[in-house]
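Trainee: I'd like a close look at a single part of this one, the charged pairs. Could you walk me through them?

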Amino acid sequence: MEKEKKKSDDVNSKWDACLDLTARRVVYSSLGGAFAGLLFFRSPVTRWASIAFGAGLGIGSAYTDCSRAFDASSSSSTSAALVAPISTETSSYSVSQVNRKFLFAFCLDLLESQ
């Protein structure tokens with residue numbers, strides 16, 4: 001009986017952490033999309049599209065982390081299951097560095113074209 005109660009508490013805590021993570025990521029990425037829309041676009045339609053794109057990124061990243069948390073064994077803690085995975089790349093650049101460089105180059109090209 002105690003084992004069953006502990007397992008349901010673990011699932012409940014995972015759901016709580018995932019809902020909190022999803023809400024935060026959707027809000028923050030939507031705000032980022034709104035800021036980018038105000039900065040880069042003039043049309044209201046493209047501004048709303050950038051907000052929707054940001055919200056989609058937030059939902060997608062939260063879904064990925066939550067599915068990883070639920071697939072993890074129940075013996076690990078919830079906070080440890082929601083931590084970003086350790087990179088196994090062997091190149092000199094990490095993925096985030098490459099993405100930042102690409103985003104910076106893209107923003108420069110966009111600003112030069114206007």
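Trainee: How many salt bridges does the structure hold?

Mentor: The structure holds four salt bridges, a salt bridge being a side-chain nitrogen of Lys or Arg within 4 Å of a carboxyl oxygen of Asp or Glu. Before we dig in, bear in mind that this is a predicted model, where local features need pLDDT of at least 70, side-chain atom pairs count only at pLDDT 80 or more, and totals for chains, interfaces and linings use all residues. Residues are numbered from 1 along each chain as its sequence is written, and side-chain values use heavy atoms, with hydrogens and water left out.

For the backdrop, the protein chain has four helices and zero strands; helices (H or I, at least four residues) and strands (E, at least two) are DSSP runs, numbered from the N terminus. Start in helix 1, residues 2–40. Lysine 14 pairs with aspartate 10 there, with 3.9 Å between the closest N and O atoms. The two sit four residues apart in helix 1, about one turn of the helix. Lysine 14 is buried at a relative accessible area of 5%, and aspartate 10 is buried too, at 16%. Here buried means under 20% relative accessible area, exposed over 50%, and partly exposed in between (1.4 Å probe, protein chains only).

Further along helix 1, aspartate 20 and arginine 24 are also four residues apart, so about one helical turn separates them. Their side chains meet in a salt bridge at 3.2 Å, N to O. Aspartate 20 is partly exposed, with a relative accessible area of 41%, and arginine 24 counts as partly exposed at 38%.

Now hop to helix 2, residues 44–71, where aspartate 65 and arginine 68 are three residues apart, so again about one helical turn lies between them. Their closest N and O atoms are 3.0 Å apart in a salt bridge. The burial is mixed: aspartate 65 is buried, with a relative accessible area of 9%, whereas arginine 68 is partly exposed at 33%. This pair doesn't stand alone, either: Arg25, Asp65 and Arg68 are linked in a network of salt bridges.

For contrast, glance at the nonpolar side of helix 1. Leucine 19 lies in that helix and is exposed, with a relative accessible area of 53%. Leu19 belongs to a nonpolar surface patch with Val11, Trp15 and Phe70, and helix 1 supplies the largest share of that patch, three residues.

Technical notes: Patch = residues over 30% accessible without salt bridge, like charges linked within 9 Å, V, L, I, M, F, W, Y side chains within 5 Å. Areas by Shrake-Rupley, 256 points an atom, 1.4 Å probe, with all protein chains shown as cover.
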